[in-house]
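Here is a walk through one protein model, written for someone who would rather look than calculate. Keep the viewer open as you read.

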Amino acid sequence: MQVTGKVVVVTGGANGIGKALCDAFHKAGAAKVVVADMDAANARAVAAMVDGAAFRCDVAQEKEIAHVIEETERQFGPIDLFCSNAGIGGGFDPMSVNAGGASDEPWQRSWAIHVMAHVYAARHLVPRMKARGGGYFLNTISAAGLLSQVGSPAYSTTKHAAVGFAENLAISHKAHNIKVSILCPQGVDTNMLRSIPKGPQSVDGDLTPEQVAKDVLAGLEQETFLILPHPQVLGYMRKKTENYDRWIGGMAKIQAKMREEFGK
Ligand SMILES: NC(=O)c1ccc[n+]([C@@H]2O[C@H](COP(=O)([O-])OP(=O)(O)OC[C@H]3O[C@@H](n4cnc5c(N)ncnc54)[C@H](O)[C@@H]3O)[C@@H](O)[C@H]2O)c1
């Protein structure tokens, strides 16, 4: 897909990777870039920068996603590309005292934002896309959804679920010309990454959000399902599937090292 002339929505577009995506889509000639974010002030600032539109939207609420879709199509025409990009860190525990955590709250919040938001976008857009002969979903997930993230069970688990949903979305609607890409970087230099201590997610170097946005444009052009700004992730995935037990052992060593460092 070429984004030139397309109507694009980016959730979590007010900051970080989403902001860089908005800028890259605008520079590539998108007809309209819609920034949907809980951070209304920065959403408006990004919309002003890209000559777009801003919506205050909590992606955890189905009716708010439905509203963004409805209003975008009413004001600017059919959405060609919907980017579910909003995400939260939360629940990081380097000591991993108990992978199950102490309460449901971080699990439910991560589930709502990382999984159900993607489900809601599909629920309200797939019928429209089917009726007009196609469309495109880009879901920002993470390498944590393919591998894992030491110290972050809720993040890793919900990002895995997001990969599962994206696969099923692509399988269910290939026949309807609905395309899906998943964006799975390791460390990217954003507020989210800065809010947790440096860790294994940065082992191959943190990328800038602008570099990631460039990789997204290339991935969309090629219409590849898996967009990996850190190409090393493919090698780690292969190692994981080649010998799952050895991979778990390696990850447990990283966990032990982390406990040692944080326990000092
Ligand atoms: N930064 C990284 O290292 C990294 C790595 C892999 C994947 N990711 C993923 O990239 C995506 C973007 O993260 P980022 O690094 O740019 O972080 P960020 O904190 O800079 O931006 C996240 C944006 O999402 C918005 N947001 C959060 N909850 C929301 C909600 N309920 N409704 C609407 N908007 C909401 C925030 O207001 C913010 O603008 C996330 O899905 C994240 O999990 C980030």
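What follows goes from strands to ligand to a few individual residues.

## Before you start

Bear in mind that this is a predicted model.

## Strand β2 and its neighbours

Let's start with β2, the strand at residues 32-37. Six of its six residues are buried, so β2 is mostly covered under the under-20% cut-off for relative accessible area. In a regular strand the side chains alternate between the two faces of the sheet. In β2, one side carries K32, V34 and A36, and the other carries V33, V35 and D37. Both of these faces are covered, and that goes for the charged names in the list as well as the rest: each of the residues on either side is buried.

Who sits beside β2? On one side of the pairing list is β1 (residues 7-11), which runs parallel to β2 and is joined to it by five bridges. If you want a spot to click on, V9 has V34 of β2 as its bridge partner. To get from β1 to β2 the chain passes through helix α1 (residues 16-27), and the resulting β-α-β crossover is right-handed.

β2 also pairs with β3 (residues 53-56), again in the parallel sense, this time over four bridges. V34 turns up here too: its bridge partner in β3 is A53. The connection goes by way of helix α2 (residues 40-49), and β2, α2 and β3 together make a right-handed β-α-β unit.

## Around the ligand

Which residues come nearest to the ligand? There are 30 residues around it, and N15, D37, Y155, V188 and T190 come nearest. D37 is already familiar as one of the buried residues of β2.

Some polar contacts are worth zooming in on. N15 puts a polar side-chain atom 2.8 Å from an oxygen atom of the ligand. I17 does its part with the backbone, where an N or O atom lies 2.8 Å from a ligand oxygen. K159 uses its side chain, with an N or O atom 2.9 Å from an oxygen atom of the ligand. Taken alone, the ligand would expose 830 Å², and the protein buries 92% of that.

Four helices give two or more residues each to the shell around the ligand: α1, α4 (105-132), α5 (153-173) and α6 (191-194). Of the elements, α6 gives the most, with three residues. By type, the shell divides into 14 nonpolar, eleven polar and five charged residues.

## Strand β6 and its neighbours

Now move along to β6 (residues 178-183). Five of its six residues are buried, so β6 is largely enclosed by the rest of the structure. Its pairing with β5 (residues 135-140) is parallel and runs over six bridges. Within that pairing, N139 stands opposite I182 of β6. The chain goes from β5 through α5 to β6 in a right-handed β-α-β crossover. That α5 is one of the helices that also give residues to the ligand shell.

β6 has another parallel partner in β7 (residues 226-227), with two bridges between them. Here L183 has I227 of β7 as its bridge partner.

## Side chains that reach a backbone

E73 lies in helix α3 (residues 62-76). Is E73 buried or exposed? It counts as buried, because its relative accessibility is 13%. A polar atom of the E73 side chain lies 2.9 Å from the backbone nitrogen of I79.

D93 is in the loop between β4 (81-84) and α4, and at 27% relative accessibility it counts as partly exposed. The D93 side chain reaches the backbone nitrogen of M95 at 3.0 Å. A polar atom of that side chain also lies 3.0 Å from the backbone nitrogen of V97.

## Two positive phi values

Most residues other than glycine have a negative phi, and most peptide bonds are trans. D51 has a positive phi, near 55°, and is not a glycine. You'll find D51 in the loop between α2 and β3, where it is exposed, with a relative accessible area of 56%.

E223 also has a positive phi without being a glycine, at about 55°. Its place is in the loop between α7 (209-222) and β7, and E223 is partly exposed, with a relative accessible area of 36%.

Methods. Residues are numbered from 1 along each chain as its sequence is written. This is a predicted model: local features need pLDDT of at least 70, side-chain atom pairs count only at pLDDT 80 or more; totals for chains, interfaces and linings use all residues. Side-chain values use heavy atoms; hydrogens and water are left out. Buried means under 20% relative accessible area, exposed over 50%, partly exposed in between (1.4 Å probe, protein chains only). Two strands pair if DSSP finds at least two bridges between them. A crossover is right-handed if, with the strands pointing away from the viewer, the path from the first strand over the helix to the second runs clockwise. A residue is near a molecule or strand if one of its heavy atoms lies within 4 Å of it. A polar contact is a pair of N or O atoms within 3.5 Å; within protein, one must be able to donate a hydrogen and the other to accept it, and residues adjacent in sequence count only if both atoms are side-chain atoms. Accessible areas come from the Shrake-Rupley method with a 1.4 Å probe; for residues, only the protein chains shown count as cover. Ala, Val, Leu, Ile, Met, Phe, Trp, Tyr, Cys and Pro count as nonpolar, Asp, Glu, Lys and Arg as charged, and the others, Gly among them, as polar.
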